[in-house]
Amino acid sequence: MFDVLVIGAGLSGLQAAYTAQQAGLSVAVIEARNRVGGKVWSVPLASGRGCVDLGAAWINDTLQPRIWNYVQRFGLKVVKQRLDGRAVMQETKDTRFEFPFGVTPDFTPEEKQNLEYIRDHIQAESLKSGLSSAEVDSVTLDQYVRQLGALPKTIQMVNLWSRVMHGVESTEQSAAWFIDYCRRNCGLLAIRADDSSGGQYMRFQDGAMTIATRMAGLLGESNIHLSSPVVSIINDRTHVVVTTADGKTFTGKKCILSVPSTMYREFNISPHLPRPVREVTDGTVLGDYNKAIVCYDRPWWRDLGFNGYFASYAGPIILARDTSVDEKRNYTLTCFVNGQKGREWSRLLPHERRAVVLQQIAVAFNVGKDSEAYRPIEMFDQIWQHEQFSRGALCPVTTVGHLTGYAPVYGKPVGNLHFVGTEYSSEWKGYMEGALCSGEQGAKEVITALHIAPGAKL
């Protein structure tokens, strides 16, 4: 019998297993995929110019100490997000304007004042401690900003934030959930920032998955069981029995479930999770969070004075960034195709998805049919909803009213079953840092439970 079973070898699961192992506990990590990392997934380029990150990519060296400690420990190289140059806002499929990156787009004075008022209000709310009220949780983000007097362009911008950050529309998440997400991430402004003050400051030269593979090395490969999808979990009074699709059975004193809560219903947990836990977790949804990564022989957009950033209300790309690694001659634009626009795009055939992405890049940077925009050397698209063991990204969003209504049970242990994941993190929820934070917290919870006085009731 193991001391701890960990289901899921994403960063949360790996961190939970490593923290438990460092405390002297025996661990077994059970992973459905044939690789570690979960939604951290880097794939090599056929050109030999490094790799691209289909999943999590950005970190911060001063605001995210856990991930940065691993960067230093493993001696990994990073690249700062490129900011030099003009940005682009695409208002409709046919209208666009350019603006200096890092400032409010050049709306009319009234529109600009209104947007900044709403932004500053949410920023102030997100810096307050504790959950928002049940009243704020009972309305959608869209309703919330309308009640604050948001004008049409502000409503569009808030919806863009919702799409970019969570892969859902502002009508599909509660205002309290959005504010709480910002609260756990140093505020709205930090989430949106691409400089040293925010979450999109740095990337890995050799891909974010390097962190996962190196962490797996610390654990020891013999302790990680890949290609083993879990089909049942028996949460007994004194232990947990986990059975996998390939016929393996694992028994542990405690079990840490490191998968999105949206997927708990698929694990055949016996006895059933308590009704309130099932109600809140069955109600969570994973957003439509997709990437189209376009690789070029050279960064042609820089020659035109652009930094590679553009945002769009029209879609299907709702935001793009220059994610090049110049040291490897890897020149890429990473395009996010999220929310309702992402749902529609994901239903297209592969060649259709490619065509609309290239056309929108050309429109955004105001270039013609003969442009290099239409001549990538490689291209990837990653639709996370199609991933059997992810079903979306970044982290589950609770149903309107559930965040406050189920706060006493959401993410809390049930018998010998404990829950971790970036969705539960108190810091940098939705980021790699949040995954590490939750894994560490969950393992400490288990360590405390296993080291109680003999004879005490678990």
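Biologist: Where is G434 found?

Modeller: G434 sits in helix α15. Keep in mind that we're looking at a predicted model.

Biologist: Okay. Is G434 buried or exposed?

Modeller: The idea is to look at relative accessible area, and anything under 20% counts as buried. G434 comes out at 0%, so it is buried.

Biologist: And what is G434 in contact with, once you skip its neighbours within four places in sequence?

Modeller: T422, S425, E427, W428 and K429. You can also compare sequence separation with distance in space: G434 and N185 are 249 residues apart along the chain, yet their C-alpha atoms are 8.9 Å apart.

Biologist: Let's stay with α15. How do I read its crossing with α1?

Modeller: Take the axes, then ask how close they come and at what angle they cross. For α1 and α15 (residues 432–450), they come within 7 Å and cross at roughly 40°. The crossing is right-handed. On the α1 side, the contact is made by L11, S12, Q15, A16, T19 and A20. On the α15 side you have M432, A435, L436, S438, G439, E440, A443, K444 and I447.

Biologist: How do those residues divide by class?

Modeller: Eight are nonpolar, five polar and two charged in the contact of α1 with α15.

Biologist: What about α1 and α9: at what angle do their axes cross?

Modeller: Roughly 25°, with the axes of α1 (residues 11–22) and α9 (residues 209–219) coming within 10 Å. Angles under 35 degrees count as roughly parallel, so α1 and α9 are roughly parallel to each other. Their crossing is left-handed. Here α1 uses L11, L14, Q15, A17, Y18 and Q21, while α9 brings I211, A212, M215, L218 and L219. By class, that contact has nine nonpolar, two polar and no charged residues.

Biologist: Which residues of helix α10 are buried?

Modeller: In α10 (residues 275–283), they are V277, V280, T281 and G283. Next, check how they spread around the axis. They cover an arc of only 165°, so they lie on the same side of α10. What they pack against is α14 (402–405).

Biologist: Now a loop residue. Where is S261 found?

Modeller: In the loop between β12 (249–257) and β13 (269–270). Don't read "loop" as a statement about accessibility, though. S261 has a relative accessible area of 0%, so it is buried.

Biologist: What is S261 in contact with, leaving aside its neighbours within four places in sequence?

Modeller: T281, T284, P396, Y410, E423 and Y424. One of these, T281, is among the buried residues of α10.

Terms used. Residues are numbered from 1 along each chain as its sequence is written. This is a predicted model: local features need pLDDT of at least 70, side-chain atom pairs count only at pLDDT 80 or more; totals for chains, interfaces and linings use all residues. Side-chain values use heavy atoms; hydrogens and water are left out. Axes are lines fitted to C-alpha atoms, for helices over the stretch in contact, and angles run from 0 to 180 degrees between N-to-C directions. Helices (H or I, at least four residues) and strands (E, at least two) are DSSP runs, numbered from the N terminus. Angles under 35 degrees count as roughly parallel, over 145 as roughly antiparallel, 65 to 115 as roughly perpendicular and the rest as oblique. A crossing is left-handed if the near helix is turned anticlockwise from the far one by less than a right angle, and right-handed if clockwise. Contact means heavy atoms within 4.5 Å. Ala, Val, Leu, Ile, Met, Phe, Trp, Tyr, Cys and Pro count as nonpolar, Asp, Glu, Lys and Arg as charged, and the others, Gly among them, as polar. Buried means under 20% relative accessible area, exposed over 50%, partly exposed in between (1.4 Å probe, protein chains only). The arc is that of the directions from the helix axis to the C-beta atoms.
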